[in-house]
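Visitor: I would like a close look at a single part of this structure, taken slowly, with its surroundings described afterwards. Please begin with whichever part you can follow strand by strand.

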Amino acid sequence: DRLSGVSEDIGAEKSDTDGVETMMQHAEQKALDIDGDIPGLVSTFDEFYNVDIAEFDPELSADDWSVTITGEVDDELTITFDELTDMSTEHRFVTLRCIGESLNGQKLDNAVWTGTPIKPILDQIDSDGQCQCAMLRAEDGYSIQYPIDALETAFLAWGMNGEPLPQSHGRPVRVLLPGHWGETNVKWLSEIEMLNEEMKGYWEQRGWHGTGPVNTVAKLWSDTRLDDGHIELAGHAYAGTPGIDRVEISTDGGDSWAHAELSEPLDGEDVWRQWRHELEPESETEESRTVVVRAVDKEGNLQQQEQTDSFPNGAHGWVEQSIDV
């Protein structure tokens with residue numbers, strides 16, 4: 001049995017959603033009390049952004065699905081959906097951000113995903129560690145190459161927020177790679193090709209950055225006038241696997257800075273946080289204020305200040321807005 005040592009009998013856990021429900025309740029409890037209209041700490045199916053390369057999503061059933069590991073291996077290995085879901089199962093918070101979004105865009109979301117780590121499977125097929133990278137291919141023709149080292153923490157997911165993956169999010173199985181751009185998280189996975197040398201994937205062939213860490217960002221998504229006349233400013237911040245340490249906000253165009261209020265961190269290495277801050281107008285005649293937000297990750301790295309477009313490495317820069325007060 002090529003999957004010896006990888007699979008274990010956890011049939012009860014496959015249908016058990018208690019762990020997901022507990023995580024979602026914790027996320028709700030840790031969310032900030034924000035008056036503005038922004039997502040909570042777990043995005044719903046309808047809220048979660050979606051980007052595809054084809055006009056129509058593949059329609060795949062779990063009964064017919066399988067993934068084949070090919071390439072520089074002694075013997076190819078095919079894993080069915082039942083075999084995959086019989087492996088050790090985990091529930092994880094994972095945040096995804098689209099590399100093609102604008103600096104303050106809203107293609108950034110978080111969910112509770114259910115699946116199994118990919119590393120034991122790759123160790124089983126490449127026990128000598130000879131392969132340097134892998135090309136992951138999808139049913140819709142999409143492909144992306146990963147260095148094998150980057151797959152150490154990758155995850156094959158078949159559940160989202162306690163339900164089977166929606167069709168638009170890769171049903172029945174997709175890849176999640178913590179800390180990397182959303183484009184690298186292949187949906188409708190069909191093949192893992194083990195390689196000894198690098199190849200370009202779908203977006204790399206078109207000039208976009210391939211695998212690699214996401215850019216740290218603090219988003220300013222909401223400004224809401226409160227009953228006391230203050231302006232509530234709020235949004236989300238995301239830094240990939242280092243995590244968000246703090247969000248700094250300036251309400252005078254960058255001359256001075258304060259720490260915004262942050263939501264408590266969720267469990268996991270790749271999760272966003274909410275932030276909020278109240279702005280008090282200086283006078284009744286004041287018309288507007290220039291607000292700037294920036295984030296610092298847990299390694300002490302400050303979000304890059306210079307603004308850039310999304311192509312080819314993802315948007316950079318501090319978010320700056322004129323707020324009507």
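Guide: What follows starts with one sheet and then moves outward to the cores, some loops and a pocket. Please keep in mind throughout that this is a predicted model.

The part I have chosen is an open sheet of 4 strands, arranged in the order β15-β14-β18-β19 and paired in the antiparallel sense. Its edges are formed by β15, residues 258–259, and by β19, each of which pairs on one side only. Strands of a sheet pair through backbone hydrogen bonds, and they may do so in a parallel or an antiparallel manner.

Starting from the β15 edge, we find that β14 and β15 run antiparallel and are joined by 2 bridges. Here glutamate 248 stands opposite histidine 259 of β15. Moving on to the next pair, strand β14, which covers residues 244–250, is joined to β18 by 6 bridges, again with the two strands antiparallel. If you want a position to mark in this pair, isoleucine 249 has valine 293 of β18 as its bridge partner. At the other edge, β18 pairs with β19, residues 319–324, over 6 bridges and in the antiparallel sense, and arginine 289 faces isoleucine 323 of β19 there.

Strand β18 itself, residues 288–297, deserves a second look, for 8 of its 10 residues are buried and the strand is thus mostly covered. The neighbourhood can also be described through side chains, and for that we turn to the nonpolar cores. In soluble globular proteins, nonpolar side chains tend to be buried together.

The largest nonpolar core has 34 residues, and those touching the most other members are Leu84, Leu136, Leu151, Val186, Ile192 and Met194. Several elements each supply at least two residues of this core, including β1 (66–71), β2 (77–80), α3 (81–85), α4 (119–125), β5 (133–138) and β10 (189–195). A second core, separate from that one, has 22 residues, among them Leu262, Val291, Ala295 and Ile323. Ile323 is therefore a residue you have already met, as the one that arginine 289 stands opposite in β19, and it is a buried residue too, because membership of a nonpolar core requires burial.

Within the largest core, leucine 84 is a good residue to select on screen: once residues up to four places away in sequence are set aside, it touches Trp65, Ile79, Thr116, Ile121, Leu156, Trp158 and Val173. Leucine 122, which lies in helix α4, counts as buried because its relative accessibility is 6%, under the 20% limit. Again leaving out residues up to four places away in sequence, leucine 122 touches Leu151, Ile192 and Met194. The C-alpha atom of leucine 122 is separated by 22 Å from that of glycine 182, which is 60 residues apart from it along the chain.

Some loops can be examined next, beginning with the one between β8 (163–164) and β9 (174–176), where histidine 169 lies. Histidine 169 is buried, because its relative accessible area of 3% falls under 20%. With neighbours within four places in sequence left aside, histidine 169 is in contact with Phe45, Phe48, Tyr49, Asn50, Met160, Arg174 and Lys187. Proline 172 is also placed in the loop between β8 and β9, and the peptide bond leading to it from arginine 171 is cis, with omega near 10°. Another cis peptide bond joins phenylalanine 311 and proline 312, with omega about 0°, and proline 312 is in the loop between β18 and β19, which brings us back to the sheet we started from.

Most residues other than glycine have a negative phi, and most peptide bonds are trans. Asparagine 161, in the loop between β7 and β8, has a positive phi near 55° and counts as buried at 12% relative accessibility. Tryptophan 188, in the loop between β9 and β10, likewise has a positive phi, about 55°, and is buried with a relative accessible area of 2%.

Finally, the largest pocket encloses about 400 Å³ of space. It is lined by 23 residues, of which Val51, Asp52, Gly182, Glu183 and Trp203 are the closest to its centre. By type, the lining divides into 12 nonpolar, 5 polar and 6 charged residues.

Conventions
Residues are numbered from 1 along each chain as its sequence is written. This is a predicted model: local features need pLDDT of at least 70, side-chain atom pairs count only at pLDDT 80 or more; totals for chains, interfaces and linings use all residues. Side-chain values use heavy atoms; hydrogens and water are left out. On a 1 Å grid over the protein atoms alone, a cavity is a set of points where a 1.4 Å probe fits but cannot get out, and a pocket is an open set with protein on both sides within 12 Å along at least five of seven lines; lining residues have an atom within 4 Å of a point. Grid points are joined across faces, edges and corners, and a volume is the space filled by probe spheres set on the points. Ala, Val, Leu, Ile, Met, Phe, Trp, Tyr, Cys and Pro count as nonpolar, Asp, Glu, Lys and Arg as charged, and the others, Gly among them, as polar. Buried means under 20% relative accessible area, exposed over 50%, partly exposed in between (1.4 Å probe, protein chains only). Two strands pair if DSSP finds at least two bridges between them. A nonpolar core is a set of buried Ala, Val, Leu, Ile, Met, Phe, Trp, Tyr and Cys residues joined through side-chain atoms within 4.5 Å. Contact means heavy atoms within 4.5 Å.
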